[in-house]
Amino acid sequence: MTQSMHRYDARTVDLVFDYMRERLQYDPVPLDHPGDGERLSGALDGLLNAVGNDPADVLKLYDHELSRAVISADSPRYLSFIPCAPTKAALLFDMVVSCASLQGISWLEAAGAIAAENQVLRLISDRAGLPDTAGGCFVSGGSAGNLSALVVARDTARHRRGLAPGARLRIAVSDQTHSSVTNTLNIIGVDKLLVPTTGHRLTGAALRAALEADGDPGSVIGVVGTAGTTNAGIVDDLAGLAEVARAHDLWFHVDGAYGGAGLFAPSVRAKYDGIEHADSFVVDPHKWLFAPFDCAALIYRRPWLAKGVHTQDASYLDVLHTDDNDGWNPTDYAYHLTRRARGLPLWFSLAVHGTDAYSAAVEAGIALAADTAALIRAEYPELEVVRDPELSCLVYRRRGWAAQDYYAWSQRLLAEQTGFVTPTGWEGEVVARFAFLHPGTTMDMVREILDTMR
Ligand SMILES: *Cc1c(COP(=O)(O)O)cnc(C)c1O
């Protein structure tokens, strides 16, 4: 049985490759629908049995039932949360990574893959203006990156300040900081110093004032700046935060999970000034750098600090750290061990298309947000732009609508496959929001959606 299970079976290969070829050719990708639990469990009933099934039947079940109950994040009409718009080259190479069973833990096992991933990390570091010594690894997402980075912030501060393990520690954040950072702080036992924002933006002046007004500023060991808030795409005052961080000996972490890609867009690059001082930085290529899920780049200014914190000590791993095998081990730079070489799809796509194509594609999302704001102002008196877009997210309201109007409208829009646009909160009010990112989204699609709000 084992042998037949691992044997190359041309029929299954053709079936799956044909399916993939068809999926890659969808233009545009259909949105599809939310799932119906009863229908799905009916379709799956009895499938995992002792003897297996014909692969054609299983694939058909996936195609006709399961995949239709997955809203396609790569549809150009998917404008909720943060969409995903992987390039075909990146998608294809993701399959190569799977076929090659790459174990991305260590230089000993995967030097070739890690060299290529590090080339991408270097490119991103250069865009951020980080020093030549900067480095890190790819992790599963912004949440994993924030957690791994802030553990290093915590342990580095403890060590440098000679703090007892039980000493109270805090990291400064704003009310716009991503929920994964709050989650991280809970996990790592660090409290937050909540700094008020000005126009939803965290500034160096506000951080300085909060530290000066605080009764226990010595317990604050770091600050998280956001380079593109998820809701509205606002970039914090990174230069100001960096300056205060330096003066107060704080670890400066920049969460650019969504907006970090703006480093590739000349029209907005100046907003990121100060990022070159970051001690750690996270950007999700699975968001706005057109890589498939799940891919986040985590970069440290001084990676040896991360290595001191994250290197796992297990006798069966000792061989990874002998003098002979002293290469770059991604496992040493985050909390993970086994790791998919998930930076490779991005590497392949960057190598194939070049960075200019990336800059143009990021600029396309920025232009969509700006053009939509202008369109609303020019032609839709019943709508109102809540805040001028800075990156590719746009928050706007329909005058006179209450929360339930937005929710009902959003459901209708999806049912009719016009768009997937979910409402968001803004200063206590429910409003509408577009997250642009897919270069295939057109202003005609936007108009079609806005027309449903008349
Ligand atoms: C999306 C996002 C995260 C979380 O990233 P995941 O990849 O979903 O784990 C963190 N911070 C910001 C600013 C984000 O936009």
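The legends below describe close-up views of a predicted model and its ligand. Residues are numbered from 1 along each chain as its sequence is written, and side-chain values use heavy atoms, with hydrogens and water left out. Because the model is predicted, local features need pLDDT of at least 70 and side-chain atom pairs count only at pLDDT 80 or more, whereas totals for chains, interfaces and linings use all residues.

**View 1. Residues around the ligand.** The ligand is surrounded by 13 residues (each with a heavy atom within 4 Å of it), and those that come nearest are Ser 143, Thr 230, Asp 255, Asp 284 and Lys 287. By class, this shell holds eight polar, three charged and two nonpolar residues (Ala, Val, Leu, Ile, Met, Phe, Trp, Tyr, Cys and Pro count as nonpolar, Asp, Glu, Lys and Arg as charged, and the others, Gly among them, as polar).

**View 2. Polar contacts to ligand oxygen atoms.** In these pairs (N or O atoms within 3.5 Å), a polar side-chain atom of Ser 143 lies 2.7 Å from an oxygen atom of the ligand. For Lys 287, a side-chain N or O atom is 2.9 Å from a ligand oxygen atom, and for His 286 the corresponding distance is 3.0 Å. The protein covers 85% of the 380 Å² of accessible area that the ligand has on its own (Shrake-Rupley method, 1.4 Å probe).

**View 3. Helices at the ligand.** Helix 7 (142-161) and helix 11 (285-288) are the elements that give two or more residues to the shell (helices are DSSP runs of H or I with at least four residues, numbered from the N terminus). Helix 7 supplies the largest share, three residues.

Terms used. Polar contact = N/O pair within 3.5 Å; in protein donor to acceptor, adjacent residues only side chain to side chain.
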